[in-house]
There are 2 protein chains.
Amino acid sequence: MGVLNRIGKQTILCKNKPVILGTGTAAGKKESEGPIGSYFDVIAEDNVFGEKTWEKAESEFARRAAGEAFKNSGIPSDNIDYLFGGDLLNQCTGTSYGIRDFGIPFIGLYGACSTMALGLSTAAVYIDGGYAGYCAAITSSHFCSAEKQFRFPLEYGGQRPPSSQWTVTGSACAVLGREGEGPTIDCVTNGRIVDMGITDANNMGAAMAPAAADTLIQHFKDTGRDPSYYDLIVSGDLGFIGKAALTDMAGEAGFDISDRYNDCGLIIFDREKQDTHAGGSGCACAGLTFCGYIYRQLREKKLRRVLFMATGALQSALSVQQGESMPGIAHALSISCE
Amino acid sequence: MGVLNRIGKQTILCKNKPVILGTGTAAGKKESEGPIGSYFDVIAEDNVFGEKTWEKAESEFARRAAGEAFKNSGIPSDNIDYLFGGDLLNQCTGTSYGIRDFGIPFIGLYGACSTMALGLSTAAVYIDGGYAGYCAAITSSHFCSAEKQFRFPLEYGGQRPPSSQWTVTGSACAVLGREGEGPTIDCVTNGRIVDMGITDANNMGAAMAPAAADTLIQHFKDTGRDPSYYDLIVSGDLGFIGKAALTDMAGEAGFDISDRYNDCGLIIFDREKQDTHAGGSGCACAGLTFCGYIYRQLREKKLRRVLFMATGALQSALSVQQGESMPGIAHALSISCE
């Protein structure tokens, strides 16, 4: 056995630099009206997207995003060795029903809102090791299906507290390959579960920020990099409150990220004009922002080095009802275009 | 880039033969009274296992199984680079809450009842490629939490049809490494989603058998092996009905598996004496049977070559209520001790 393709305690080196060949995005109407709305491939006119239920609509978003990714990357579904994906719905049905007709070997993931980063990181490892020629990573979320499942029926009309975030409606998919044009992944830091005892399901940013700090600080320690290495450090959906918390926690550990850090939940929506309180959230928040906007910035070399870190809160509606706190996790990957 | 570590259309070659160093199991009382009950490390006296809810009990099973696996393999949790796992509960909380205190980087999976095979296969790839020194794979299920979530409240006392299966209560965990004593994994065939339109949530075997046939036949085609290569071909939880269906489908494709094929759901319970109708099911069915019984048979060289293939049905209670059929998937791996 050769040496391990690892550095430090928790980081994988992708020596063969898997390439993100193309992405596909399908977004809801509200998302299309936000600051990065022009970057999405497909826009739904309403929140059922021609289907009878919100859950079926979420699958339709996934199906459409995957189709766009295959088209934009130039890699037909028949050539893709594995699809990695999951979502927030119970039993990840958004993804399974959305992609079932493609006939691609499927590795189902559960990482809650971290799924885009989790999928990209596992796909990168399979490509890097020569276990696949092409892989895809996909995720989805839907405001209505998520509110219904995790919080209150929409018809109830409950007032949302200022700390609440707005689940992004849509789906995003990326196709990775061993060679070709596009940004490359050079290393991956998968996170540990961190649970600080937060039990308020309307304050996800606070629940996930400690996990984000854990992964981010470990990434810097493992790689010997500091924040200045990256043009952009971007978290998935910490929102306004979580962003401030992560900035503080990283700063206390000696890593000042304040001048180059942003959160997808604050990029995808205009908080003031779009009334999203603490910002966007959900699997598609990091998914659409990365696959739509950030990916384009990398391809156009407006960004050269990005640390993409999506966070997830791993509770269920039931576990919160049973008094459990919300365990957080964060997965990070370094993506560059040089 | 070198050649791909693949053969055929869908199979990964693990050239470095990751070793399953040890396993740990925690099982319910009914499981301990079955034909392989003596193989489990920890037995719960009742179905709440000292906790207040069935869901918390499921997490306790996971915590205990992981602890046993770390002890039995001789690899402390601090040395494990990744834990791969998931379960049937909404948002996979059985696993996340069960393993959160170990502090191991966590790659959450969703494969329903296929999770033991999915976890072993992804862990094997990470080890084989040198992306990890040690990995663990874990899964869990619980009769009470599963019935409550997928079918009817237990208090309702609904009659179970003959095609229904009995969700296994417990958790199983395996620790894999690059070197050491134990059975090794030489190749992995991850499956595609196959949906034949079955909508009866009390007939899971029928829903999953076509996916099992798809993966099994592809495995034989990719590897050039035929059933005689293996001492035992074992599916996860097809039960009595699914077993017959898979045997027929494989036979029609020219692969007679009838003299060496069994299903974990028919191994873990005595169908007649234990009143489990079509047999056992759930993530822990394949998990406990593999990590408890089959693993021991391999270590003692009573079995030399095993094809372990666990199947999953990817529906949710809600998707079935919305009239959706149940997509199946199966993941297979070849494990030998020579």
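A salt bridge here is a side-chain nitrogen of Lys or Arg within 4 Å of a carboxyl oxygen of Asp or Glu. Keep that cut-off handy for the exercises below, and remember that this is a predicted model.

**Exercise 1.** Work out which parts of chain A the pair D186(A) and R225(A) ties together, and whether each residue is buried or exposed.

*Solution.* Start with the distance: the closest N and O atoms of D186(A) and R225(A) are 2.8 Å apart, and the pair forms a salt bridge. Next, place the two residues. D186(A) sits in strand β10 and R225(A) in the loop between α6 (204–223) and β11 (232–235), so the bridge ties together parts 39 residues apart in sequence. Now check the burial, for which the cut-off is under 20% relative accessible area. D186(A) has 8%, so it's buried. R225(A) has 17%, so it's buried too.

**Exercise 2.** Follow β10 of chain A to its partner β15, and find out how β15 is paired and covered.

*Solution.* First, the pairing. Strand β10 (residues 184–189) runs antiparallel to β15(A), with five bridges joining them. One of the contacts to look up is T189(A), whose bridge partner is A332(A). Then there's β14 (residues 305–313), also antiparallel to β15(A) and joined to it by nine bridges. Here A313(A) stands opposite G328(A).

Second, the cover. In a regular strand, side chains alternate between the two faces of the sheet. For β15(A), one side includes G328(A) and A330(A), the other I329(A) and H331(A), and both faces are covered. In fact, nine of the nine residues in β15 (residues 328–336) are buried.

**Exercise 3.** Describe how chain A meets chain B, then pick out salt bridges that cross between them.

*Solution.* Begin with the overall numbers. 68 residues of chain A touch 68 of chain B, and the two chains bury about 5600 Å² between them, 56% of it on carbon and sulfur atoms.

Now go polar: 40 residue pairs are in polar contact across the chains. Several elements of chain A supply at least two residues each to this side, among them α2 (54–73), α5 (143–150) and β15. Helix α4(A) gives the most, with six residues. By type, this side of chain A splits into 30 nonpolar, 25 polar and 13 charged residues.

Finally, the salt bridges, eight of them between the chains. In one, E324(A) pairs with K56(B) at 3.4 Å. In another, R6(A) pairs with D81(B) at 3.5 Å. R6(A) lies in strand β1 (residues 6–7) of chain A and D81(B) in a loop of chain B, so this pair joins two chains. Both R6(A) and D81(B) are buried.

Definitions and conventions
Residues numbered from 1 in each chain as written. Chains lettered and ligands numbered in written order. Predicted model: local features only at pLDDT ≥ 70, side-chain atom pairs only at ≥ 80, totals over all residues. Heavy atoms only, no water. Buried < 20%, exposed > 50% of the residue type's maximum accessible area, 1.4 Å probe, protein only. Helix = DSSP H or I, 4+ residues; strand = E, 2+ residues; numbered from the N terminus. Pairing = 2+ DSSP bridges. Contact = heavy atoms within 4.5 Å. Buried area = accessible area lost by both parts, 1.4 Å probe. Polar contact = N/O pair within 3.5 Å; in protein donor to acceptor, adjacent residues only side chain to side chain. Nonpolar A, V, L, I, M, F, W, Y, C, P; charged D, E, K, R; others polar.
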